[in-house]
Amino acid sequence: MIPFVTLTDTRGQKISVNPEIVQFIRTADNTHDECLIVFGKDQLLRVRGTLEEVTEVLREG
């Protein structure tokens, strides 16, 4: 079974992410409570949460 975690994007929508395919995470420019997640073939997702919060959610998944 693929372990998905649920994150909230910047528009407030819930998104399921497979943490096994995440390539890297970084803090979004000009804000401390949003992160950019890169995964797959150049797919970019902007989510709410600090770098520590998002990393912890993905690690637990």
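Helices (H or I, at least four residues) and strands (E, at least two) are DSSP runs, numbered from the N terminus. Before you click on anything: this is a predicted model, where local features need pLDDT of at least 70 and side-chain atom pairs count only at pLDDT 80 or more, while totals for chains, interfaces and linings use all residues. Residues are numbered from 1 along each chain as its sequence is written, and side-chain values use heavy atoms, leaving out hydrogens and water.

Start with the cartoon view. You should find 1 helix and 5 strands, running β-β-β-β-β-α along the sequence. The C-alpha atoms fill a box of roughly 35 × 20 × 20 Å along the principal axes.

Next, select D9. Look for D9 in the loop between β1 (5–8) and β2 (14–17). Buried or exposed? D9 is buried (under 20% relative accessible area, 1.4 Å probe, protein chains only), at a relative accessible area of 4%.

Now show the side chain of D9 and the backbone nitrogens around the loop. A polar atom of that side chain sits 3.0 Å from the backbone nitrogen of R11, and the backbone nitrogen of Q13 is 2.8 Å from a polar atom of the D9 side chain.

Then add I15, R46, V47 and R48: D9 touches these, leaving aside residues up to four places away in sequence. Touching here means contact, heavy atoms within 4.5 Å.

Finally, zoom back out. Of the 61 residues, 34% count as buried. Among contacts between residues at least 6 apart in sequence, 29% join residues at least 24 apart.

How values were computed
Buried means under 20% relative accessible area, exposed over 50%, partly exposed in between (1.4 Å probe, protein chains only). A polar contact is a pair of N or O atoms within 3.5 Å; within protein, one must be able to donate a hydrogen and the other to accept it, and residues adjacent in sequence count only if both atoms are side-chain atoms.
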